[in-house]
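Open the model in your viewer and keep the sequence beside it. The tour goes from one selection to the next.

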Amino acid sequence: MKSEKSNLFTPLKIGSLEIKNRIVMPPMDQYSAEDGFVNDWHLQHYAARALGGTGLVIVEATGVLPYVSSITDEDLAIWDDKYIDGLSKLVNAIKSNGAAAGIQIVHAGRKCESVKIDKIYAPSAIAFNDKYRTPVEMTQDDINEVIDAFVKAALRAKKAGFDIIELHAAHGYLISTFLSPLSNKRTDEYGKNRAKILEEILRKVREVLGKDYPIQIRISSYDWKEGGNTVKDFVEMLKPLEEDKLFDSINVSTGAVTSDGKIIPYEGYQIPFCRELKQYMKVPCIGGGLLTDPKMANMIIRNGAADAVYIGRELLRNPYWALQAARTLGIDVPFPRQYEQAKR
Ligand SMILES: Cc1cc2nc3c(=O)[nH]c(=O)nc-3n(C[C@H](O)[C@H](O)[C@H](O)COP(=O)(O)O)c2cc1C
């Protein structure tokens with residue numbers, strides 16, 4: 001799809017999935033689950049953003065292995081079939097309100113804060129900072145267990161009815177720490193080829209989900225630190241995987257791989273990284289960072305700096321952001337029937 005002719009409300013294809021507009025709610029952990037189960041908070045929170053006109057709603061980081069994968073003990077879980085029922089209710093709450101439904105699946109790695117376990121895992125035994133536990137360096141068996149867990153989690157997500165899954169390979173969680181030279185000091189194959197674990201997960205996930213099931217990856221495309229990853233590193237790591245059609249889109253974030261990265265935030269601050277990556281990739285790239293202004297978001301799409309934008313904290317403030325954006329831009333989009341009179 002040619003992005004220069006698109007606007008914020010032009011439908012976007014991600015693999016076989018068509019999203020009605022270019023507005024994505026990125027995964028945002030609600031820290032509200034008990035024992036990993038979906039509850040009323042999740043149902044209402046996600047339904048509201050769908051009702052508000054968001055094109056793709058991505059459910060927060062959801063753990064693939066008991067507790068070692070949890071960012072906190074209040075995260076959602078997908079490490080057992082018993083979670084499928086609640087997740088499918090969540091899918092229904094999102095889809096029945098007009099949005100496509102995605103879910104981010106995660107292994108927290110060295111940023112696991114669960115108090116239910118005493119060992120945490122990472123490519124190398126380096127703590128995130130002195131407030132976190134020092135992780136155990138993973139063995140091949142540990143790595144195999146993680147790959148298997150992602151595959152099973154992906155299957156459960158498909159079974160629950162999600163339109164797309166997102167592998168969390170950003171923000172210093174497990175996959176991200178393998179990708180970054182700042183946290184991966186291994187001398188084996190997983191150190192020589194830092195994308196090896198990502199590739200192995202994607203290959204197996206693709207195999208079980210089938211070639212048409214949309215798979216998105218989220219990356220920290222820039223580490224904000226000397227010696228860390230840049231967009232160029234990601235182009236090198238991701239191009240061969242894209243060639244093999246192992247993923248259908250990239251959610252382009254930055255940072256949080258180390259706790260001392262020097263981030264310079266401003267409205268749209270991660271868009272330049274998305275724009276740079278997009279020059280090399282064929283799949284759609286989703287960018288954002290502190291976006292609030294519909295005109296700016298629309299301009300980003302029109303200029304082709306991103307194929308879609310993610311609106312995070314602004315959607316927490318205002319679930320109707322997308323509908324209001326359409327009014328601001330003078331673009332005619334359907335409102336929920338009950339809200340038709342608020343259109344003009
Ligand atoms: C409360 C909260 C929870 C978040 N949880 C996640 C998460 O589960 N997974 C993820 O990839 N990013 C997470 N993020 C980051 C957001 O997805 C997004 O990238 C970030 O907020 C920047 O976008 P914004 O400036 O539009 O908010 C979280 C952000 C917030 C504010």
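Is the crossing of α7 and α8 right-handed or left-handed? It is right-handed (clockwise turn of the near helix from the far one by less than a right angle; anticlockwise would be left-handed).

This is a predicted model, where local features need pLDDT of at least 70, side-chain atom pairs count only at pLDDT 80 or more, and totals for chains, interfaces and linings use all residues. Residues are numbered from 1 along each chain as its sequence is written, and side-chain values use heavy atoms, without hydrogens and water.

**Stop 1: two helices.** Select α7 (residues 231-243) and α8 (residues 271-278). Helices are DSSP runs of H or I with at least four residues, and strands are E runs with at least two, numbered from the N terminus. The two axes come within 10 Å and cross at roughly 40° (lines fitted to C-alpha atoms over the stretch in contact, angles 0 to 180 degrees between N-to-C directions). That makes α7 oblique to α8 (neither under 35, over 145 nor 65 to 115 degrees). Now show V231, K232, F234 and V235 in α7: they meet F273, E276 and L277 in α8 (heavy atoms within 4.5 Å).

**Stop 2: strand β12.** Select residues 285-288. C285 and G287 point one way, I286 and G288 the other, and all are buried (under 20% relative accessible area, 1.4 Å probe, protein chains only).

**Stop 3: its neighbours.** Add β11 (residues 249-253), which pairs with β12 in the parallel sense over two bridges (pairing takes at least two DSSP bridges). N251 stands opposite I286. Next add β13 (residues 308-310), parallel to β12 over three bridges. There, A308 is the bridge partner of I286.

Key: Buried means under 20% relative accessible area, exposed over 50%, partly exposed in between (1.4 Å probe, protein chains only). A crossover is right-handed if, with the strands pointing away from the viewer, the path from the first strand over the helix to the second runs clockwise.
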